[in-house]
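Hi everyone, thanks for coming. I'd like to walk you through a structure today, so please have a look at the sequence and the picture as they come up.

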Amino acid sequence: MVVDVRAAGVNYVDGLMCEGRYQMKPPTPFVPGGEVAGEVTAVGEGVEGVAVGDRVIALTGFGGFAEQVAVPAGSVLRVPARLGLGPAAALIQSYGTAMFTLTRRTTLDPGEWVLVLGGGGGVGLAMIDVAVALGARVIAAASSAEKRAAASAMGAEATIAYEVEDLKARARALSDGGVDVVVDPVGGRHSEAALRAMRWMGRFCVVGFAGGPIPSVPLNQVLLNNRTVIGVDWGAWTFRNPEGNSAMIGDVLAMVADGRLHPTTPAERPLGDAAEVMDALIHRRVTGKVVLVP
Ligand SMILES: NC(=O)c1ccc[n+]([C@@H]2O[C@H](COP(=O)([O-])OP(=O)(O)OC[C@H]3O[C@@H](n4cnc5c(N)ncnc54)[C@H](OP(=O)(O)O)[C@@H]3O)[C@@H](O)[C@H]2O)c1
């Protein structure tokens, strides 16, 4: 089917793909852009359940920074009535990752403490939203006052300025002795401090390395307190388990539709600014999400 793109979500992985540092390496030249929202303008023969004029999200992998995309019918999802096409275009990668992390790779009990690193980024904010919706209490770590304010607005009870404060000590103090779960999309030097901030039976979710270096952690810190380190690769899981992913994304959209999840309204930039926006994202200058508008 053909979708007229009204907004294309920009994610860190788009930048990684352009730099040739992502696990998926499309042959060059290619058009980046992994997720879009828009209106269906044509459907192929035999396609059922989607009609011309429907508002949909399309997962493209790449090719989404465009005015139109041609996508298989199986890769589109209907946009709930109360969700605008801008927020819809910025939703799936961040919330898919968050939901997969916090409901499929680990689970949360109500009242558990979750420490989210990079809490003002796209994945970070989605992690906060999902964790709070599941009844957890969230501490968010972020570099700037603007990002910490965004994390608080999303529901984090406390924030840590992890570039200047002692992450381990502050996280332990705020959570009355240690956090139950760490969500780490950042890596670098903060990972070990976050690991050490976990209490008995804590779970450390490895989500990404936006900070650059892939950290090495002393394994005695995993042994101590019976901690668990959990790898998260949502993308790989979607390929192996498309039905499970559809069900999970269906849950995300239902929770958005009934107000349990609150994706923020992304900043809008013209499609022609794609390179500039990806550069800003890769270099840490973006709070929350940005969509490109053709
Ligand atoms: N495992 C998975 O399945 C999966 C799925 C999707 C995305 N990811 C990964 O999750 C990470 C976050 O993606 P995103 O789209 O949310 O990106 P994002 O919006 O740019 O957020 C990343 C955050 O990382 C922090 N950061 C620290 N050092 C940085 C540096 N040197 N450069 C850039 N950012 C830095 C920044 O927060 P502060 O400035 O506050 O430190 C930034 O807000 C990426 O590594 C991405 O590859 C993983």
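Let's begin with the sheet. This is a predicted model, and in it six strands form an open sheet with parallel pairing, in the order 8-7-6-9-10-11. Which strands stand at the edges? They are strand 8, residues 158-160, and strand 11, residues 228-231. Each of these has a single partner strand, so one side of each is left without a neighbour in the sheet. From one strand to the next, the twist averages 20°.

Now zoom in on one edge. Strand 7, residues 137-141, runs parallel to strand 8, and three bridges join the two. If you want a spot to look for on your screen, find alanine 140, which stands opposite threonine 159 in strand 8. Lying across this part of the sheet is helix 6, residues 167-174, which crosses strand 6, strand 7, strand 8 and strand 9. Helix 6 runs at about 170° to strand 8.

Next, my favourite part, helix 4. Helix 4 covers residues 122-133, and from its first C-alpha to its last it reaches 17 Å, close to the 16 Å expected at 1.5 Å a residue. How many of its 12 residues are buried? Nine are, so helix 4 is largely enclosed by the rest of the structure. Among the buried ones are Leu125, Met127, Ile128 and Val130, and Asp129 is on that list too. So what covers them? The cover includes helix 3, strand 6, strand 7, helix 5 and strand 9. After helix 4 comes glycine 135, and its phi is positive, near 95°.

Just before helix 4, let's stop at another glycine. Glycine 120 sits in the loop between strand 6 and helix 4. Is it buried or exposed? Its relative accessible area is 1%, below the 20% cut-off, so glycine 120 counts as buried. Beyond its close neighbours in sequence, glycine 120 touches Leu125, Ala142, Lys147, Val286, Thr287 and Gly288. Here is a nice example of folding bringing things together: glycine 120 and serine 144 are 24 residues apart in sequence, and their C-alpha atoms are 8.5 Å apart in space.

Helix 3 is one of the pieces covering helix 4, and helix 3 is itself mostly covered, with 11 of its 14 residues buried. Serine 94 belongs to helix 3 and is buried, with a relative accessible area of 1%. Leaving aside neighbours within four places in sequence, serine 94 is in contact with Gly122, Val123 and Ala126, and also with Asn11 and Lys289.

Let's turn to the nonpolar side chains. In soluble globular proteins, such side chains tend to be buried together. Here, the largest nonpolar core has 48 residues, and those with the most contacts inside it are Leu91, Tyr95, Val114, Ile128 and Val183. Apart from that core lies another, of 23 residues, including Val36, Ala58, Val277 and Leu292. Going back to leucine 91, its contacts more than four places away in sequence include Glu35, Leu83, Val252 and Pro263.

Last stop, the cysteines. How many disulfides does a search of the whole structure find? Zero. Cysteine 205 is buried, at 0% relative accessible area, whereas cysteine 18 counts as partly exposed, at 40%.

That's my tour, and I'm happy to go back to any view you like.

How values were computed: Residues are numbered from 1 along each chain as its sequence is written. This is a predicted model: local features need pLDDT of at least 70, side-chain atom pairs count only at pLDDT 80 or more; totals for chains, interfaces and linings use all residues. Side-chain values use heavy atoms; hydrogens and water are left out. A disulfide is a pair of cysteine sulfur atoms within 2.5 Å. Buried means under 20% relative accessible area, exposed over 50%, partly exposed in between (1.4 Å probe, protein chains only). A nonpolar core is a set of buried Ala, Val, Leu, Ile, Met, Phe, Trp, Tyr and Cys residues joined through side-chain atoms within 4.5 Å. Contact means heavy atoms within 4.5 Å. Two strands pair if DSSP finds at least two bridges between them. Helices (H or I, at least four residues) and strands (E, at least two) are DSSP runs, numbered from the N terminus. Axes are lines fitted to C-alpha atoms, for helices over the stretch in contact, and angles run from 0 to 180 degrees between N-to-C directions. The expected span of a helix is 1.5 Å times one less than its number of residues.
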